[in-house]
Each structure stands twice: as C-alpha cells, then as structure tokens.
Amino acid sequence: MKSYLYLLLYFVALVTCVARYRSFKQLRYKLFVPLLVAIVLYEYSYMRKWLFINNSTLWSANIEITMEYVFYCFFIVSSFRSPKERQGFSIAAWAIFIFTIIDILFIQGIARLCNIAIVLQYALLIVMVCRFFYGQLKMFDGEASLLRHPDFWVNTGLLFFSLSEFLFFSAFSLAYTPSRYFSILFDVITAVANITLYSCLIIAFLCHPRSRKLSLS
Amino acid sequence: MSSTEQETIFIVAAGTAMFLLLGVFIISFMFFYQRKRIAHITEQAQLKSAFSQEILTTQIEVQEQTLNYISQELHDNIGQVLSFVKLNLGTAGTITDLQKKQQKIDSSRDLIAQVITDLRNLSKSLSFQQISQYGLVKAIEAEIDRVNTSGLLKIEMKVSGEPETLGEQRELVLFRIFQESLNNALKYAHARHLTISLIYAEESFNLTIADDGIGFSTEIAGKRNGSGLKNIESRAALIGATATLETSPGAGCTIKVNLKQYKQLQINGTN
C-alpha cells in the first residue's frame with residue numbers, strides 16, 4: 001500500500017514534469033524527466049520484487065540515492081552565478097561521489113547501504129541549499145514573489161528531504177538489528193521526506209508558465 | 001530491544017524533528033525577509049518620489065521668485081529712470097537756452113549710464129557665470145561692493161578657514177540664499193548693518209547672515225511672510241544643508257545655513 005502511494009506520488013511528479021516540459025528553459029529542469037522516469041522504474045521494480053538479490057535491495061538503493069545526489073548537486077551548482085562557488089561546490093561534490101564509490105566497494109560492501117557516504121551527501125546538499133537561500137536573500141528586488149520561483153520550491157523540498165533523512169542514515173546500523181521501532185521510524189521519516197520533496201517538485205514544475213503555441217492565422 | 005537502541009531511536013526521532021523545525025524556521029525567515037525587503041523598497045520609492053516632487057516645487061518657486069525680482073527691478077528702477085529720461089529729452093526740445101538744453105542732455109546721458117550699470121549689475125547678480133567663474137566668496141564680495149556703494153546698507157564679511165569649492169550648484173544655491181536674505185534685510189527688516197560669515201571647517205561649511213533690523217516674531221512670519229523663509233529652507237534642503245532662523249521683534253534676524261560633510265559629497269552634484 002505504502003509503495004503504491006509513493007509510486008503514485010512519483011508518477012504525478014513525472015506527469016507534471018512532462019506536461020510542463022516545453023516551458024522549461026534550463027537544462028537542469030529538462031533533466032528531471034529522465035531522473036523521474038528512473039525513480040518510477042526503480043519503485044515499480046522494487047514493488048515487483050525484481051531488485052532483490054540475497055533477500056536485499058540495498059545495492060539498488062545505493063545506486064538510486066547516489067544518482068539522486070549527483071543530479072541534485074548538478075541542479076544546485078548550475079543555479080549558482082559565481083564561477084568560484086560553482087568550482088568549489090563541484091570539487092566537494094566530486095570528492096563525496098568518489099568517497100561514495102569507495103564506501104560501497106571497500107568500506108561497507110555492496111550488500112550494505114553506504115550510509116557514511118549518504119550522510120556526507122546530505123550534509124553537502126544541506127550546505128548547498130543554505131548557500132542558495134543566502135544568495136536569494138541578497139537578490140530580492142521586490143518584484144517576484146518566492147512562491148512563484150521554481151528554484152525556491154526545489155531547494156525547499158530538498159532541504160526538508162535532506163534534513164529529515166540525515167539523522168536516520170546516521171543511525172542506519174540499527175537497521176541490521178531486528179528492531180520494530182526502527183522500521184516504524186523508517187516509514188515515518190521516508191513518508192515525510194518523500195511527500196515533502198515530491199510535493200515541492202510538483203509545485204516547482206507548475207510554477208513554470210504554460211507554453212503557448214503562436215499561430216500566424 | 002535494548003535501552004541503547006531505544007535511546008538511539010529516540011535521539012534520531014527527536015533530532016529529525018528538530019532539524020525539520022530548523023527547516024521551517026529557514027523558510028519562514030526567507031518569507032519574512034522578503035516581505036520586509038519589499039516594504040523597504042516600496043517605502044524608498046515613495047520617499048524618492050516625494051523628494052523629487054518637493055525639488056520640482058522648489059524649483060518652480062525659485063523660478064517664479066526670480067522672474068518677480070526681474071519684473072520688479074525693471075518696473076521700479078529701470079522703467080522709472082527711462083521714463084524720466086524720456087521726459088527730460090521731451091522738455092529739452094522746447095528749451096531755447098542752449099546751455100540749459102545741454103544740461104538736460106547731459107543729465108539724460110548720466111541717467112542712461114546709470115540704467116546701463118543697473119542692468120549690468122542685475123544681469124551679474126542673476127547670472128550663474130559669476131559663481132562658476134569666481135566662486136562663492138568672490139561673488140558675495142562683488143554683491144557686497146554693489147550694495148555698499150549704493151549706501152543702502154553697510155555689509156561686512158568674515159571668512160574663516162581655507163575657502164574651497166563646494167561644487168557649482170551648491171555654491172549657486174548658497175549665493176541665492178544670501179541674495180534672498182539681503183533682499184529681506186533691505187525690504188522688510190529696515191536694517192542698517194549686515195554681517196556675513198563663511199566658515200570652512202574640516203567637516204562642515206557654515207554660512208551665517210545676521211542683520212540689525214527690526215526682527216519679527218517667527219509665528220507671525222510663518223503666516224505673513226513665510227514663503228521667503230520657506231524658500232531658504234527648501235533651497236538649503238536641495239543641497240543637503242539645514243537652514244535655521246533666529247529672530248525676535250527688535251533683535252534683528254540671523255539665518256544660519258549648515259552643510260555637513262561637504263567634502264564627501266559629489267563635488268558638482270546637488271546630492
């Protein structure tokens with residue numbers, strides 16, 4: 001039931017994204033389409049239990065989380081105006097990406113979740129989102145409302161998503177123990193994180209004005 | 001489940017809740033800040049618009065006053081003298097005595113020479129060139145010489161500090177303030193002496209104009225002759241200066257104009 005709801009949420013986000021695709025002027029928004037397709041396919045495969053290897057899907061979760069991390073890093077970094085900032089955050093993002101591969105291959109192993117790397121990924125995303133907000137504070141010119149700003153909604157969703165999952169992944173070692181409370185916590189946190197992120201993404205897509213076809217007749 | 005695990009789960013749950021609250025705070029702050037900023041920008045635009053309006057009004061008033069002054073000067077002085085010359089020349093035709101006729105013609109020539117001098121003085125006192133060419137101190141000195149020669153008023157000037165340019169437009173405004181005060185002293189105050197003091201200090205410039213006239217109550221002045229005094233205040237405000245008036249019946253009148261931090265201001269602008 002829970003997986004169906006998530007799948008529905010991702011699907012709605014994908015449909016909204018496709019519907020507004022023509023109004024996207026920036027590449028970072030256009031790339032949401034392949035990302036959301038991948039997420040929908042991942043969730044569907046998870047529901048169908050196609051991803052289970054040795055009774056675990058953690059290997060695929062590693063790939064899915066890292067893919068999201070790479071995408072959102074690219075998304076936020078490309079919104080920065082200062083080349084110095086872009087360069088600095090790109091270096092940090094690449095460093096954490098390389099550490100993620102090391103974590104998967106050599107520290108935790110493929111069968112376990114690379115939670116050390118994930119915590120670092122979320123920490124960097126939180127810092128980048130806060131930097132984005134700080135930049136926005138300096139740019140307010142009294143014209144456009146924040147509520148009509150697509151980047152604001154994406155970053156807000158990302159901030160809540162990262163903040164809610166950060167501590168959960170810090171304590172992920174508990175997941176390998178038979179703890180009922182931990183699975184409840186997992187359900188609650190995942191629900192809060194996903195609902196917030198995807199609702200914000202849907203709003204961000206809707207913030208783009210609908211494109212109109214011009215006719216000469 | 002062990003108590004350590006329970007504690008960890010509790011910490012994760014509480015910590016996540018705190019983090020989410022932090023997120024809510026950040027987003028709320030963004031909205032709050034934007035609203036404040038928009039209010040600030042709107043207020044600034046309104047103030048700017050009001051200031052522009054005030055400047056426009058003052059400019060129109062100043063222009064009106066200058067035209068009035070020219071009109072009055074042409075009517076009361078030049079017009080009168082030329083009428084007298086016309087009369088003189090008209091009567092000269094009927095005089096048969098050549099010596100008397102010559103006297104009339106000479107007197108008419110003197111009057112015309114006076115008119116030419118008056119016109120030149122009027123032109124000089126209204127012209128912007130005098131200020132841009134010689135500066136504020138020299139322009140005031142020339143005006144003082146003109147008035148002292150007429151014998152209407154005895155004017156003294158004191159300059160303290162090292163005179164330096166305040167910017168053409170500022171100097172012109174200060175010169176017009178001086179002319180306005182001089183006009184008031186001659187027309188309304190019935191003053192015999194006028195003291196002008198210019199103080200060039202490190203951080204500020206002060207212009208003080210004090211007369212020994214009849215003075216007046218500032219409340220009455222506000223009702224009766226307020227526009228001239230208001231003009232001085234408005235003109236001072238145009239260049240970022242403040243004008244104050246000290247007077248009471250029988251105690252003369254002192255006008256002080258204070259321009260602070262003039263060295264930091266753009267030298268040729270008014271702001």
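Visitor: Which residue in β5(B) stands opposite B:T244?

Guide: In this predicted model, strand β4 of chain B, residues 242–247, pairs with strand β5 of chain B, residues 253–260, in the antiparallel sense over six bridges. Within β5(B), B:I255 stands opposite B:L245, and the residue that stands opposite B:T244 is B:K256.

Visitor: Which residue in the turn of the hairpin formed by β4(B) and β5(B) has a positive phi?

Guide: The two strands of this hairpin run antiparallel to each other, with five residues between them. The residue in that turn with a positive phi, of about 85°, is B:G250.

Visitor: Along β5(B), which side chains point to one face and are buried, and which point to the other and are not?

Guide: In a regular strand the side chains alternate between the two faces of the sheet. The side chains of β5(B) do alternate, and B:T254, B:K256, B:N258 and B:K260 point to the face where they are not buried. Those that point to the other face and are buried are B:C253, B:I255, B:V257 and B:L259.

Visitor: What is the bridge partner of B:L207 in β5(B)?

Guide: Besides pairing with β4(B), β5(B) is joined by eight bridges to strand β3 of chain B, residues 204–211, and these two run antiparallel. The bridge partner of B:L207 in β5(B) is B:V257, and the side chain of that partner is one of those in β5(B) that are buried. The name asked for is therefore B:V257.

Visitor: How many helices and how many strands are there in chain B?

Guide: Read along the sequence, chain B follows the pattern α-α-α-β-α-β-β-α-α-β-β. Of the 271 residues in this chain, 18% are buried, and among its contacts between residues at least 6 apart in sequence, 68% join residues at least 24 apart. The count for chain B is six helices and five strands.

Visitor: Where does α1(B) bend?

Guide: Helix α1 of chain B, residues 3–92, has 90 residues and reaches 129 Å from its first C-alpha to its last, which is close to the 134 Å expected at 1.5 Å a residue. The helix nevertheless bends by about 35°, and the residue at which α1(B) bends is B:G79.

Visitor: Which helices of chain A do the buried residues of α1(B) pack against?

Guide: In α1(B), the residues B:T8, B:V12, B:T16 and B:G23 are buried. The buried residues of this helix pack against two helices of chain A, namely α7 and α8.

Visitor: Which element supplies the largest share of the side of chain A that touches chain B?

Guide: Between the two chains, 22 residues of chain A are in contact with 22 residues of chain B. At least two residues of the side of chain A that touches chain B come from each of α6 (115–139), α7 (150–170) and α8 (180–207) of chain A. By class, that side has 16 nonpolar, six polar and no charged residues. Its largest share, eight residues, comes from α7(A).

Visitor: How many residues has the largest nonpolar core?

Guide: The residues with the most contacts inside this core are A:A13, A:L158, A:L197 and A:L201, and the largest share of the core, 12 residues, comes from α7(A). Not counting residues up to four places away in sequence, A:A13 touches A:L36, A:Y198, A:L201 and A:I202. A second, separate core of 33 residues includes B:L166, B:A189, B:A210 and B:I239. The number of residues in the largest nonpolar core is 56.

Note on methods. Residues numbered from 1 in each chain as written. Chains lettered and ligands numbered in written order. Predicted model: local features only at pLDDT ≥ 70, side-chain atom pairs only at ≥ 80, totals over all residues. Contact = placed C-beta atoms within 7 Å. Helix = DSSP H or I, 4+ residues; strand = E, 2+ residues; numbered from the N terminus. Nonpolar A, V, L, I, M, F, W, Y, C, P; charged D, E, K, R; others polar. Expected span 1.5 Å × (residues − 1). Bend = angle between axes of the 7 residues up to and from the residue. Buried ≥ 20, exposed ≤ 12 C-beta atoms within 10 Å, placed from the backbone. Core = buried A, V, L, I, M, F, W, Y, C linked by C-beta atoms within 7 Å.
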